[in-house]
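New to this one? Here is a quick tour, starting with a charged pair and moving on to the sheets and the surface.

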Amino acid sequence: MSPTQTAHLMDGTGTARRLVEESAGRAAELVRRTGSAPCLATVLVGEDPASVTYVRMKQARCAKAGIESRRVQLPAGTTTAELVAALRDLSQDASVHGILLQHPVGPHIDERAAFEAIAPEKDVDGVTMTSFGAMAFGLPGFVSCTPGGIMRLLDEYDVDVAGRHAVVVGRSAILGKPAGMLLLARDATVTYCHSRTADLSAYVREADIVVAAVGRPRLIRGEDIKPGAVVIDAGYNAGNVGDVDFDTAAERARLITPVPGGVGPMTIAVLLAQTVTAAYHQLGADLDRAIV
Ligand code: NAP
């Protein structure tokens, strides 16, 4: 990477580190005030190696931030009813403040039913319909972590999105759709693109802010980036490649996230921040700072 490109990198690793440090400070303060540390329960069904790694990473990050974690490992053959029961138990367990169901959970499980078994006040991953609805209405609640991380990164780099045209490529319920809604709530003019969009390039060329959330390596070409645009690449594909062709896009963008080291680290950082916030609420401690 050339020095000129480095100048406009959006550093997710550093931003996430600061957010985790802030969460660690809030967690320590909670212990001082209540005697209890925040606790995140991670629920894993089966032993898919990637999922095992993700859960382990999240637990390690929790430990660094002074957040306790409880790992619930269920066999691959767990039924929807069994998973729902386990999540309801955790929802009722006063010593657990946040619940993360590592997904995907496998095709034999009704994932939506499982997510909905998570009590909204413990939904620190922002996956329930209640959390989504609260976000859509602009009400307090936990946001889906990756879109929350994207907004935090934009704030870190003082990107004023009001009145800007944001083009979000991808419309999944956990990423593209909420990312667009959070941008809309900040007064951006939002266009969603997806697999049925005719002439994706034409939309991307008009974007002041591009959010790539697809899962197709280098789908977004540098030649389509408007000079001076802000480019957020949430995609993560085999070989550490994003959805944006980084080298060519970096020549035109004002700000751009690298892959890795951009959006990725922000996701876990928001999960931890929201876990601490959930613990403050549940332990009745005053919460004097916003979360994301
Ligand atoms: P997903 O559920 O598979 O959704 C992909 C979206 O991209 C869909 O809306 C799909 O459109 C759209 N799409 C597919 N092909 C397209 C094309 N050729 N042109 C335009 N749009 C297209 O994936 P996801 O869970 O949202 O994840 C997207 C990417 O983000 C993946 O690379 C994933 O690894 C990454 N991710 C990263 C983090 C992180 O922490 N950094 C977290 C979550 C996900 P349709 O709706 O029409 O099918």
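Let's begin with D224, which is buried because its relative accessible area is just 7%, under the 20% cut-off for that label. Its salt-bridge partner is R205, with 3.3 Å from N to O. Keep in mind that you're looking at a predicted model.

**Salt bridges**

- Across the whole structure, a search turns up 10 salt bridges.
- Side chains of opposite charge can pair when their charged atoms come close.
- The D224 and R205 pair links distant parts of the chain: D224 sits in the loop between β6 and β7, while R205 belongs to helix α9 (residues 200–205), 19 residues apart.
- Unlike the buried D224, R205 is partly exposed, with a relative accessible area of 43%.
- D208 and K226 also meet through their side chains, in a salt bridge of 2.8 Å from N to O.
- D208 is in the loop between α9 and β6 and K226 is in the loop between β6 and β7, so this pair ties together parts 18 residues apart in sequence.
- D208 counts as buried at 19% relative accessible area, and K226 as partly exposed at 31%.
- E29, R32 and R33 are joined into one network by salt bridges that share partners.
- R112 and E116 make a salt bridge too, with their closest N and O atoms 2.5 Å apart.
- Those two are four residues apart in helix α5 (residues 111–116), so about one helical turn separates them.
- Both ends of that pair are partly exposed: R112 has 33% relative accessibility and E116 has 30%.

**The five-stranded sheet**

- Five strands line up as β5-β4-β6-β7-β8 in an open sheet with parallel pairing.
- β5 (189–193) and β8 (255–256) are the edge strands; each has a single partner, so one side of each has no neighbour in the sheet.
- Strand β6 (residues 209–212) is covered on both faces, with I209 and V211 buried on one side and V210 and A212 buried on the other.
- β4 (residues 165–169) runs parallel to β6 and is joined to it by four bridges; V169 stands opposite A212 there.
- Four bridges also connect β6 to the parallel strand β7 (residues 230–233).
- In β7, V211 has I232 as its bridge partner, and V210 has V231.

**The three-stranded sheet and the annotated domain**

- The unreviewed UniProt entry annotates residues 10–125 as "domain: Tetrahydrofolate dehydrogenase/cyclohydrolase catalytic".
- Over residues 10–125, the chain is 50% helix and 16% strand, and the end C-alpha atoms lie 23 Å apart.
- Another open sheet has three strands in the order β2-β1-β3, again with parallel pairing.
- Here β2 (68–74) and β3 (98–101) take the edges with a single partner strand each, so one side of each is left without a neighbour in the sheet.
- On average, neighbouring strands of this sheet are turned by 20° against each other, direction ignored.
- β1 (residues 39–45) and β3 run parallel, joined by four bridges, and T42 has L100 in β3 as its bridge partner.

**Out at the surface**

- Y54, M57 and Y236 make a nonpolar surface patch of about 310 Å².
- Y54 is part of helix α3 (residues 49–64) and counts as partly exposed at 37% relative accessibility.
- G284, in the segment after α11 (263–282), counts as exposed at 63% relative accessibility.
- The C-alpha atoms of G284 and I150 are 29 Å apart, with their positions 134 residues apart along the chain.

Terms used
Residues are numbered from 1 along each chain as its sequence is written. This is a predicted model: local features need pLDDT of at least 70, side-chain atom pairs count only at pLDDT 80 or more; totals for chains, interfaces and linings use all residues. Side-chain values use heavy atoms; hydrogens and water are left out. UniProt positions are given in the numbering used here, feature names are shortened, and annotations may be inferred rather than shown by experiment. Two strands pair if DSSP finds at least two bridges between them. Axes are lines fitted to C-alpha atoms, for helices over the stretch in contact, and angles run from 0 to 180 degrees between N-to-C directions. Patches are made of residues with over 30% relative accessible area and no salt bridge: like charges are joined within 9 Å, nonpolar side chains (Val, Leu, Ile, Met, Phe, Trp, Tyr) within 5 Å. Accessible areas come from the Shrake-Rupley method with a 1.4 Å probe; for residues, only the protein chains shown count as cover. A salt bridge is a side-chain nitrogen of Lys or Arg within 4 Å of a carboxyl oxygen of Asp or Glu. Buried means under 20% relative accessible area, exposed over 50%, partly exposed in between (1.4 Å probe, protein chains only).
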